[in-house]
Amino acid sequence: LPQPLGLQGVDRQRTVVSLSGDGGLMMLLSDLRTAVTYRLPVKIVVFNNGSLGMVRLKHEHGGLTRFGTDLDNPDLAAVAASMGLASPRIEAPRQLEPGLRWAMNHEGPVLVDAVTNLNEIALPPKTGVSDAWGFAVAKVTEAVESVR
């Protein structure tokens with residue numbers, strides 16, 4: 001989020017879009033207010049899956065089960081609205097296109113709170129056999145542990 005804000009400060013005429021995870025956004029919530037204070041028309045799309053997704057991905061890649069990566073997020077759209085941003089919340093696939101169109105046409109800063117599936121597997125850019133093996137071990141272990 002800090003880089004898109006800096007870029008938007010340099011060129012307010014260019015549309016700048018930040019794609020952020022919920023964990024990263026939670027660590028930098030004060031930057032939302034920066035966008036409002038300096039009237040930066042940045043468009044922030046947050047992938048809200050209630051998880052530190054990149055950490056979870058690293059765990060799964062290594063064959064580890066999910067541990068310490070779950071988040072108990074507040075309603076991020078409501079938090080953004082309380083800080084002065086326009087903030088639609090997307091909870092269903094049919095809401096995505098109209099919500100993004102609205103956000104891109106809004107003149108000021110926007111946070112789009114896109115609620116995503118926690119169990120969707122995010123794959124690294126280059127996936128190999130070792131990645132698949134790590135994910136398989138992690139998922140089988142999770143299944144076995146859930147039966148206990």
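Reader: How far apart do the centres of the positive and negative side chains lie in the protein?
Author: This is a predicted model. The protein carries 14 positive side chains and 15 negative ones. Take the centre of each set, and the two centres lie 5 Å apart.

Reader: In what order do the elements run from the N terminus on?
Author: The protein has 7 helices and 4 strands. Read from the N terminus on, the elements run α-β-α-α-β-α-α-β-α-β-α.

Reader: Which strands are the edge strands of the sheet?
Author: The sheet is open, has 4 strands and pairs them in parallel. Its order is 1-2-4-3. An edge strand pairs on one side only, and that holds for strand 1 and strand 3 (89-90).

Reader: How many bridges join strand 2 to strand 4?
Author: Strand 2 covers residues 43-48 and runs parallel to strand 1, with 5 bridges between them. One residue of strand 1, Val-17, stands opposite Lys-43 in strand 2. Strand 4 covers residues 110-115 and also runs parallel to strand 2. The bridges that join strand 2 to strand 4 number 6.

Reader: Which residue in strand 4 is the bridge partner of Ile-44?
Author: Ile-44 touches many members of the largest nonpolar core, being listed with Leu-25, Leu-32, Leu-85 and Leu-111 as touching the most. Its bridge partner in strand 4 is Leu-111.

Reader: Which residues of strand 1 point to one face and are buried?
Author: Strand 1 spans residues 17-21, and its side chains alternate. Val-17, Leu-19 and Gly-21 point to one face and are not buried. The other face has the buried pair, Ser-18 and Ser-20.

Reader: Which elements give two or more residues to the largest nonpolar core?
Author: Nonpolar side chains tend to be buried together in soluble globular proteins. Here the largest nonpolar core has 17 residues. The elements that give two or more residues to this core are helix 3 (30-37), strand 2 and helix 5 (76-82).

Reader: Which residues is Leu-25 in contact with, leaving aside its neighbours within four places in sequence?
Author: Leu-25 is one of the core residues that touch the most other members. Set aside its neighbours within four places in sequence. The contacts of Leu-25 are then Leu-1, Leu-32, Val-46, Leu-76 and Leu-111.

Reader: What share of the residues of the protein count as buried?
Author: Buried means under 20% relative accessible area. The protein has 148 residues. Of these, the share that count as buried is 37%.

Note on methods. Residues are numbered from 1 along each chain as its sequence is written. This is a predicted model: local features need pLDDT of at least 70, side-chain atom pairs count only at pLDDT 80 or more; totals for chains, interfaces and linings use all residues. Side-chain values use heavy atoms; hydrogens and water are left out. Buried means under 20% relative accessible area, exposed over 50%, partly exposed in between (1.4 Å probe, protein chains only). Two strands pair if DSSP finds at least two bridges between them. A nonpolar core is a set of buried Ala, Val, Leu, Ile, Met, Phe, Trp, Tyr and Cys residues joined through side-chain atoms within 4.5 Å. Contact means heavy atoms within 4.5 Å. Lys and Arg count as positive and Asp and Glu as negative; His and the chain ends are not counted. The place of a charge is taken as NZ of Lys, CZ of Arg, CG of Asp or CD of Glu.
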